[in-house]
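Dear colleague,

I am passing the structure on to you with this message, and my notes on it come directly after. Please read them with the model open beside you.

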Amino acid sequence: MNTQLRKVKTIIEPTPVVEGAGVRLKRSLGGEKLNYLDPFLLFDHFGSPNAADYQAGFPMHPHRGIETVTYMLAGEVEHRDTLGNAGRIGAGDVQWMTAGGGILHEEMPKVRPEGNEGFQLWVNLPAKLKMSQPRYQDISSEEIPVVKTKDGVNIRVIAGNVGGTEGAVTGIAAGPTYLDVFIPPGRSFTQTIPQGHTAFAYVFEGKASFVEDPEGTQKLVPQPNLVVWEDGDIVKILTGEEPIRLLMISAKPLGEQIARYGPFVMNTKDEIEQALLDLKQGTFIWQERVGR
Ligand code: MN
């Protein structure tokens, strides 16, 4: 089989931003450096031991036309939405929320001795699903399959497929892969990523070399950095004296026009205007528009 290693296209150092009601976080997609990596609209890493950096949280706010994916490493976030879901997500848990035609929700971190840390990814929806029924998948840590290789590599399969092990999150339009990968020191790790899919890694612990060709050309990437890969079938990462922990995320690009305004991402400016109008008129959430 003729496989092609994916080369490193760009390395993005996260930018500090303040979001919600005053949450300090590190943004590497959806900001000034790379606004859109089709179909990914945003990638934020939140994390602080200091309550002042996170406790203001994200009070009730709308979303339309996208999916928001929250993966927690530490602490807890209390949430509630107009679908009737309410609860807490803690370390290792995932919330995959398909906003579709319209949802309002709040995401409020709880003050904990261990602080609060995790990631939020926004995945774009294709035009035909932008006004679809909202959907919510709440996956607890123990429901996420873990693949351990003989080399001691540990992979939490949130979405996608690793050697026949199917991820916990299913039925998502973009066919995403979302892996949390730990590689011990002095190891080599390869993973196939479907050709044509947009792919990136987010390094959040340690450092490692990303191998780019059979001759062994490589780029050393320390945390925290986001690596965008070029197209190909396979990625290869070598660790040195330090272990590495990273997220590996990929999905099918949409190739559609986007109109973006804060928490709404549609195809046209008119659809954004409609979202703002719906919000003003109290007809924003999906349930209220049935039959219209
Ligand atoms: Mn939100």
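What follows is a description of the model, taken one region at a time.

Please keep in mind throughout that this is a predicted model.

I begin with the metal site. The manganese ion is held by four residues, with His61, His63 and His105 each coordinating through NE2 and Glu107 through OE, at 2.2 to 2.5 Å. Along the sequence these donor residues follow the spacing H-x1-H-x41-H-x1-E. Of the histidines in the site, His61 and His63 are both buried, that is, under 20% relative accessible area.

Next comes a sheet in the same part of the sequence numbering. Four strands form an open sheet in the order S5-S10-S7-S8, and their pairing is antiparallel. Strand S5 (58-63) and strand S8 (86-90) are the edge strands, each having a single partner, so one side of each has no neighbour in the sheet. From one strand to the next, the twist averages 25°. Within this sheet, S7, which covers residues 76-81, pairs with S8 in the antiparallel sense over five bridges, and you will find His79 opposite Gly87 of S8. As general background, the strands of a sheet pair through backbone hydrogen bonds, in either a parallel or an antiparallel manner.

The largest pocket may be of interest to you as well. Its space comes to about 440 Å³, and of the 30 residues that line it, those closest to its centre are Glu19, Asp44, Phe58, Glu107 and Gln120. Glu107 is therefore a residue to look at twice, since it is one of the ligands of the manganese ion and is also among the residues closest to the centre of the largest pocket. Several strands contribute to the lining, with S3, S4, S5, S7, S10 (103-109) and S11 (116-124) each supplying at least two residues, and the largest share, five residues, coming from S4. By character, the lining divides into twelve nonpolar, eleven polar and seven charged residues.

Two peptide bonds deserve a check when you inspect the backbone. Most peptide bonds are trans. A cis bond joins Asp38 and Pro39, with omega about 10°, and Pro39 is placed in the loop between strand S3 (23-29) and strand S4 (40-48). Another cis bond joins Gln223 and Pro224, where omega is about -15°, and Pro224 lies in the loop between strand S20 (218-222) and strand S21 (225-229).

Further along the chain, strand S23 (residues 244-251) has seven of its eight residues buried, so this strand is largely enclosed by the rest of the structure. Strand S17 (residues 177-183) pairs with S23 in the antiparallel sense over seven bridges, and in that pairing Tyr178 stands opposite Ile249. Strand S19 (residues 198-211) also runs antiparallel to S23 and is joined to S23 by eight bridges, with Ala201 opposite Met248.

Finally, is Leu220 buried or exposed? Leu220, which is found in strand S20, has a relative accessible area of 53% and therefore counts as exposed, the cut-off for that term being over 50%. Its C-alpha atom is separated by 30 Å from that of Ala174, the two residues being 46 apart along the chain.

With best wishes

Note on methods: Residues numbered from 1 in each chain as written. Predicted model: local features only at pLDDT ≥ 70, side-chain atom pairs only at ≥ 80, totals over all residues. Heavy atoms only, no water. Donors = N, O, S within 2.8 Å, 3.2 Å for Na, K, Ca; no water. Buried < 20%, exposed > 50% of the residue type's maximum accessible area, 1.4 Å probe, protein only. Pairing = 2+ DSSP bridges. Axes fitted to C-alpha atoms, helices over the stretch in contact; angles between N-to-C directions. 1 Å grid on protein atoms, 1.4 Å probe; cavity = no way out; pocket = protein on both sides within 12 Å on 5 of 7 lines; lining within 4 Å. Points joined across faces, edges and corners; volume = space filled by probe spheres on them. Nonpolar A, V, L, I, M, F, W, Y, C, P; charged D, E, K, R; others polar.
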